[in-house]
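Here is a quick walk through some side-chain contacts, written for someone who would rather look at the model than at a table. Have the viewer open and follow along.

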Amino acid sequence: MFRNENCGIYFAKESLNGSVVHNVMYDNLLGGVRWSSRSTHGLAADNIIFDNLDRGILIEDTEHIALSANELVNNKNSQILVRASDYSSDVNCFQIGPDEPNQLIAEYWYVDRYRTLRPYQEEKQLDLYSHEGNCPPLPAKVDVHKLNAEAIAYAERARQILNAPLEGGTQKANRPGSPASTRSWLDWLLGR
């Protein structure tokens, strides 16, 4: 999920059991995944969430959200943002950008801010088996210009195939004096 105006995936307005498993999320305006507005019992597991323009995972006004085995890398402001929520988190990989002096591992609605993993672990008793740095290599981002060109080319190829004469097909019965025409695939399909 990439280049969304809000988040790659967003559970709002009392969502229940919202699961985000084995996804790749990047370049979203706000974040990769978000729970808010009294949503409960959410799960984010085995996701790669990187290079979002604000945060990686947002947990706001929720209960019982579990984060596990996620790769949270170089999200602009923080990897996790928590506000008025109950959550658990462990076995994640956190990595902040080396050239991002204000980037955080975790933040609690602008009050508690953690640039490195150790103080966050000690104070919040979360992510005790998580690690910082040396996350697995990130997947390549989709080249949207190439994807658009391929989509346009595909549509044109499809039109050519659909408009082409049927290979080895028969010809329509012609009236005397009319030019011979090859049957189209639609004529063949409809038995004309």
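## Charges over rings

Start with Arg83: its charged end sits over the ring of Trp109, 4.9 Å from the ring's centre. Keep in mind that this is a predicted model, so every distance and angle here is computed from predicted coordinates.

There's another contact of this kind at Tyr108. Lys124 lies over the face of that ring, 4.1 Å from the ring centre. Tyr108 itself is buried, with a relative accessible area of 15%.

## The tyrosines and their neighbours

Tyr108 also takes part in ring-to-ring contacts. How many aromatic pairs does the structure hold? The count is 7. One of them joins Tyr108 and Tyr114: the ring centres are 6.3 Å apart and the planes meet at 90 degrees, so this pair is edge-to-face. With planes over 60 degrees apart, a pair goes into that class.

Now step along to Tyr114, which counts as buried at 4% relative accessibility. Its ring also pairs with that of Tyr120, with the centres 5.7 Å apart and the planes at 55 degrees, so this one is tilted. Tyr120 is buried as well, just like Tyr114.

Zoom out a bit and these tyrosines turn out to be part of one aromatic cluster, made up of Tyr87, Phe94, Tyr108, Tyr114 and Tyr120. So if you're colouring by group, Tyr108 belongs with the cluster and also carries Lys124 over its face.

## The disulfide

On to the cysteines. How many disulfides are there? The count comes to 1, and Cys93 and Cys135 are the partners, with their sulfur atoms 1.9 Å apart. That falls within the 2.5 Å cut-off for a disulfide. The torsion about the S-S bond is -105 degrees, and the link is left-handed.

What does the Cys93 and Cys135 pair tie together? Cys93 lies in strand β12 (residues 93-95), while Cys135 is in the loop between β15 (131-132) and α2 (144-163), so the link joins parts that are 42 residues apart in sequence.

## Buried or exposed?

Are the two bonded cysteines buried or exposed? Cys93 is buried, at a relative accessible area of 4%, and Cys135 is buried too, at 13%. Under 20% is what it takes to be called buried. If you're scanning for other cysteines, have a look at Cys7, which counts as buried with 7% relative accessibility.

Conventions:
Residues numbered from 1 in each chain as written. Predicted model: local features only at pLDDT ≥ 70, side-chain atom pairs only at ≥ 80, totals over all residues. Heavy atoms only, no water. Helix = DSSP H or I, 4+ residues; strand = E, 2+ residues; numbered from the N terminus. Buried < 20%, exposed > 50% of the residue type's maximum accessible area, 1.4 Å probe, protein only. Phe/Tyr/Trp six-rings, centres within 6.5 Å; stacked < 30°, edge-to-face > 60°. Lys NZ or Arg CZ within 6 Å of the ring centre and 35° of its normal.
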